[in-house]
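Here are my notes for going through this one together. Keep the viewer open while you read, and click on each residue as it comes up.

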Amino acid sequence: MALSRARLSWPRGAAGGGETTRLLPQESRLVELPYPSSDDDDDDGSLAADMDFPTAKHDPGAQRPIPRKPGAFSQCVRYLAFLWNLLFLLLGLLALAVGVWGMLAKGLLRGERLAPLGSDPMLLFVLVGLGASAVSLAGCLGALRSSPCLLRFFVGAVLAFAGLEVLGGLLLLAAQRRLRDALRDALFLCLLRYQEEPDLRFLVDEVQRSLRCCGLGSYRDWETNPYFNCSAPGAQACSVPASCCLDPWQNGTVANAQCAFGVLHLGDVAAGAVVHLGGCVGQLSAWLRTQAGGIAAAAAGLVLVEAVGVVMALKVLRDVAPIGVQG
């Protein structure tokens with residue numbers, strides 16, 4: 001918008017005569033004044049964009065966690081944790097292989113026998129092998145790949161196992177009488193299934209030879225076995241296992257499997273010259289009491305081994321955890 005200004009000249013002798021008034025155009029000058037327009041709006045926008053105002057800009061690397069830079073000690077702990085878990089992974093796989101081999105050898109998984117899996121000692125090897133292998137594999141991969149998820153799973157699983165072990169030890173101390181009853185029930189099951197389960201037969205024979213005992217409370221407990229009962233057909237009727245014999249070796253070199261045949265027909269005095277008369281429950285309970293210190297030391301060693309693995313896993317987890325975000 002422009003404004004014009006003009007000078008007006010008026011005649012000086014207005015009283016005299018008939019001079020007329022004239023408007024003389026003078027020199028005009030245009031003055032530009034600022035005013036808002038649509039172009040100015042665009043210019044203002046571009047101007048504001050060019051001005052250095054603080055604006056919130058999204059930086060792709062602002063939210064990215066910064067991994068810790070591991071030192072020499074951290075690298076050493078990391079590889080030591082990997083080797084530690086690798087050792088227990090191999091032990092777990094070995095236990096699993098032994099359990100599966102034992103079950104396959106007896107034909108349980110092929111359906112050739114109808115023995116329940118709950119009474120098979122090989123099932124314990126399978127379960128322990130599976131648990132140890134899974135947890136140790138998580139620890140190996142977590143230490144090798146610096147995976148916080150796997151390391152947390154490993155630490156949680158080991159702590160859970162350690163808690164169960166401590167709880168089991170406390171329950172054993174608090175319920176010793178029930179433990180003896182459970183031991184008697186387990187031995188009675190082994191006595192009934194002596195011929196049917198090779199693993200149970202091996203365990204029973206080792207216990208009777210080592211503790212020099214026979215049966216649960218006495219050697220006559222073997223009458224409850226369907227094969228050793230006096231009414232059973234066969235050569236083993238009225239007999240006990242050869243592991244009950246005072247001298248199970250013939251001529252000191254060859255095992256005599258028939259050393260206890262027909263011993264249940266004899267009286268206690270005559271039978272005492274051939275087999276051990278005392279039962280294994282009392283002997284085994286006494287042996288456990290004498291070995292309580294060794295059992296406690298073994299349990300403490302196992303917990304210490306688990307604690308070392310947890311400490312190394314926590315150290316690796318602390319090294320691989322992010323230290324924050326960079327703004």
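**Notes on the pockets, the patch and the charged pairs**

1. Let's begin with the second largest pocket. Helices α2, α3, α4 and α9 each supply at least two residues of its lining. Keep in mind as you look that this is a predicted model. Which helix gives the largest share of that lining? It's α3, with 7 residues.

2. Staying with the second largest pocket, there is about 550 Å³ of space in there. Its lining is made up of 22 residues, and the ones closest to the centre are Phe88, Ala132, Phe161, Leu302 and Glu306. Sorted by class, the lining has 14 nonpolar, 6 polar and 2 charged residues.

3. Now go over to the largest pocket, which holds about 1,100 Å³ of space. The elements that contribute two or more residues to its lining are α4 (148–174), α5 (176–192), α6, α8 (280–290) and α9 (292–320). Helices α4 and α9 are worth colouring in your viewer, since they are among the elements named for the largest pocket and also among those named for the second largest one.

4. What sits nearest the centre of the largest pocket? Leu172, Leu173, Leu179, Leu288 and Ile295 do, out of 28 lining residues. By class, this lining has 20 nonpolar, 4 polar and 4 charged residues.

5. It helps to step back to the whole chain for a moment. The secondary structure comes to 9 helices and 4 strands. Following the sequence from its start, you meet them in the pattern α-β-α-α-α-α-α-β-β-α-α-α-β. As for how much is tucked away, 27% of the 327 residues count as buried.

6. Next, turn the model to find a nonpolar patch on the surface. Its members are Leu87, Leu91, Leu94, Val98, Leu124, Phe125 and Val128, and together they have about 630 Å² of accessible area. Two elements give two or more residues to this patch, α2 (72–105) and α3 (122–145). Of these, α2 gives the most, with 4 residues.

7. Take Leu87 as an example from that patch. Leu87 lies in helix α2. Is Leu87 buried or partly exposed? Its relative accessible area is 46%, so Leu87 counts as partly exposed.

8. On to the charges. Side chains of opposite charge can pair when their charged atoms come close. The count here comes to 5 salt bridges. One of them joins Glu196 and Arg193, with the closest N and O atoms 3.3 Å apart. The two partners are covered to unlike degrees: Glu196 is partly exposed at 28% relative accessibility, whereas Arg193 is buried at 15%.

9. Arg220 deserves a click of its own. One salt bridge runs from Arg220 to Glu223, where the closest N and O atoms are 3.2 Å apart. Arg220 also meets Asp268 in a salt bridge, at 3.7 Å from N to O. That second pair links distant parts of the chain, 48 residues apart: Arg220 is in the loop between α6 (198–211) and β2 (249–250), while Asp268 is in helix α7 (residues 268–272).

10. Put those pairs together and you get a network of salt bridges linking Arg220, Glu223 and Asp268. How covered are its members? Arg220 is partly exposed, with a relative accessible area of 29%. Glu223 is partly exposed too, at 28%, and Asp268 counts as partly exposed at 46%.

11. Last stop: Val263, in the loop between β3 (254–255) and α7. Is Val263 buried or exposed? With a relative accessible area of 2%, Val263 is buried, because the cut-off for buried is under 20%. Try drawing a line from Val263 to Val240: the two are 23 residues apart in sequence, and their C-alpha atoms are 7.0 Å apart in space.

Notes
Residues are numbered from 1 along each chain as its sequence is written. This is a predicted model: local features need pLDDT of at least 70, side-chain atom pairs count only at pLDDT 80 or more; totals for chains, interfaces and linings use all residues. Side-chain values use heavy atoms; hydrogens and water are left out. A salt bridge is a side-chain nitrogen of Lys or Arg within 4 Å of a carboxyl oxygen of Asp or Glu. Buried means under 20% relative accessible area, exposed over 50%, partly exposed in between (1.4 Å probe, protein chains only). Patches are made of residues with over 30% relative accessible area and no salt bridge: like charges are joined within 9 Å, nonpolar side chains (Val, Leu, Ile, Met, Phe, Trp, Tyr) within 5 Å. Accessible areas come from the Shrake-Rupley method with a 1.4 Å probe; for residues, only the protein chains shown count as cover. On a 1 Å grid over the protein atoms alone, a cavity is a set of points where a 1.4 Å probe fits but cannot get out, and a pocket is an open set with protein on both sides within 12 Å along at least five of seven lines; lining residues have an atom within 4 Å of a point. Grid points are joined across faces, edges and corners, and a volume is the space filled by probe spheres set on the points. Ala, Val, Leu, Ile, Met, Phe, Trp, Tyr, Cys and Pro count as nonpolar, Asp, Glu, Lys and Arg as charged, and the others, Gly among them, as polar.
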